[in-house]
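The following exercises are to be worked with the sequence and the coordinates at hand. Each task is followed by its solution.

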Amino acid sequence: MREAVLSRSPGQSGLSASEPPFFAIEPEPGSYRDRNATVFYRGDRVFRSLNPSALANWRQLSRQSFFQAEMAAGRIVGTQEVEAEEVPAAAVLEHERIPYVSYPYEWSFGMLKDAALLHLELLRQALAADMILKDSSPYNVQWRGMHPVFVDIPSFEPLKRGEPWIGYRQFCELFLYPLMLQSYKGVNFRSWLRGRLDGISAEELRGLLSARDLLRPGILLHVAAQSALQKRYSGTAKDLRGDLAKAGFDKAMIQRNVEKLIRLVSSLQAPGGRTTWSDYERTHSYEEMDFARKQEFVRKAVSSRRWKLVWDLGCNSGAFSRIAAERADYVVAMDGDWKAIEQLFQRERGKEAAGSILPLVVDLADPSPAQGWLGLERKDLAARGRPELTLCLALLHHIVISANIPLADFIGWLARLGTSLVIEFVGREDEMVQRLLANKEDQYEDYHPEVFRALLAANFHIREEQALKGGKRRIYFAEAKGALRSGSASS
């Protein structure tokens, strides 16, 4: 099942008929794949209805010590059974709400790897309790900051004697093969996962590998053999699941496979080298004093109030995301450079702010769209949570000049978010802009400070502004005009 559970409303249990009418039950469009246990919302709260079969599995799971321990540690989403007489179901669960939903095609290499290892570890513990995870999708993992959280509770079910791990193929296609593709071939897995929600097939990956690649760890067993096996059973009436059961498939075989996969995934590493922004904090064009002034301006704007959700667009390696986290419940840090996001993830994951900063690989010129069934299964950025504050620092020249997006369009998009704004304009005399224009026709009549300020003033109330780098750059703090601001981290 591929859905995301969304944030906690503490001190509440059960569904109350006395709640205001605007807290009507709202089905989750992406929850259609598992008919036994579907997600719905009521206000800011997240619930799941269970049929009798799913209820029996839940009751068995909820008694397991590993489940209680992992839930207490935050690696499984907080879940409790609640009273809900008005919901036609055998039972209803309420889940903790994750602040902002993300998808695997927005994760860095290390994030997908950590999510895979969490899944395998939970599967290992479930097997020891004679249970199994029937699904093996990264969409069953969400993030609390930089900590992965398993959210698909109905994936746990009793292990039937002689049954294989039916989620193995899905694990390979959505976890293992994307990691192998990037680790072994240096190919960005995100475009593959975004292009097809079912992942990469064994046959597709096999076609990308050379003869020498067959010697790499895990390729023969998990790619070549799986590709051959799937070809053998594809288009026939043969029952692979039944044949494996007849052959004496047992729990010990699954456990050995899981242990091997844990070792294999742990050994995979992202390709080395630097990208444009992965070393931003050491190579940015600011002198130390000017950079300190910029940091102070951002800190002052951020400190003007407490923010529920902040977006840091073009975050590079997260210097300003950390400042925003000082006065925000949650920060979503986005950048199109995956190595900058990987560096942010690896550096911050063990620190105090790791629970409040979510790093995502997002190209703002081509952001994650609404897609899947009816265009509702996977939501776009704004539909998952509109920010109360957005940081756009040293970003505009890349949006307008590198991506050819009209300045008015980008400012208009920010205004429609209904967000307050800290935004920096980098002038044409700045060396970074001159570098971008050096090999391009200068067709950017809209990229001038007076045009920018007029657009900003037309859409926002400008509260503060300050010159930087001797006037080559200017930074602004502004609030949106006439827009409804969402204080929720959900849509």
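**Exercise 1.** Which residues in α9 are buried?

*Solution.* The model is predicted, so local features need pLDDT of at least 70 and side-chain atom pairs count only at pLDDT 80 or more, while totals for chains, interfaces and linings use all residues. Residues are numbered from 1 along each chain as its sequence is written, and side-chain values use heavy atoms, with hydrogens and water left out.

Step 1. Locate α9: this helix (a DSSP run of H or I, at least four residues, numbered from the N terminus) covers residues 251-267.

Step 2. Apply the cut-offs for relative accessible area: buried is under 20%, exposed over 50%, and partly exposed in between (1.4 Å probe, protein chains only). In α9, I254, N257, V258, L261, I262, L264 and V265 are buried.

Step 3. Identify the cover, taking contact as heavy atoms within 4.5 Å. It includes α3, β6, α4 and α7.

**Exercise 2.** Describe the salt bridge between R473 and E424.

*Solution.* Step 1. Test the pair: a salt bridge requires a side-chain nitrogen of Lys or Arg within 4 Å of a carboxyl oxygen of Asp or Glu. For R473 and E424 the N to O distance is 3.4 Å.

Step 2. Place the partners: R473 lies in strand β16 and E424 in strand β14, so the pair ties together parts 49 residues apart in sequence. Strands are DSSP runs of E, at least two residues.

Step 3. Assess burial: R473 is buried at 3% relative accessible area, and E424 is buried at 0%.

Step 4. Extend the search: salt bridges that share partners join K294, E424, D430, E431, K469 and R473 into one network.
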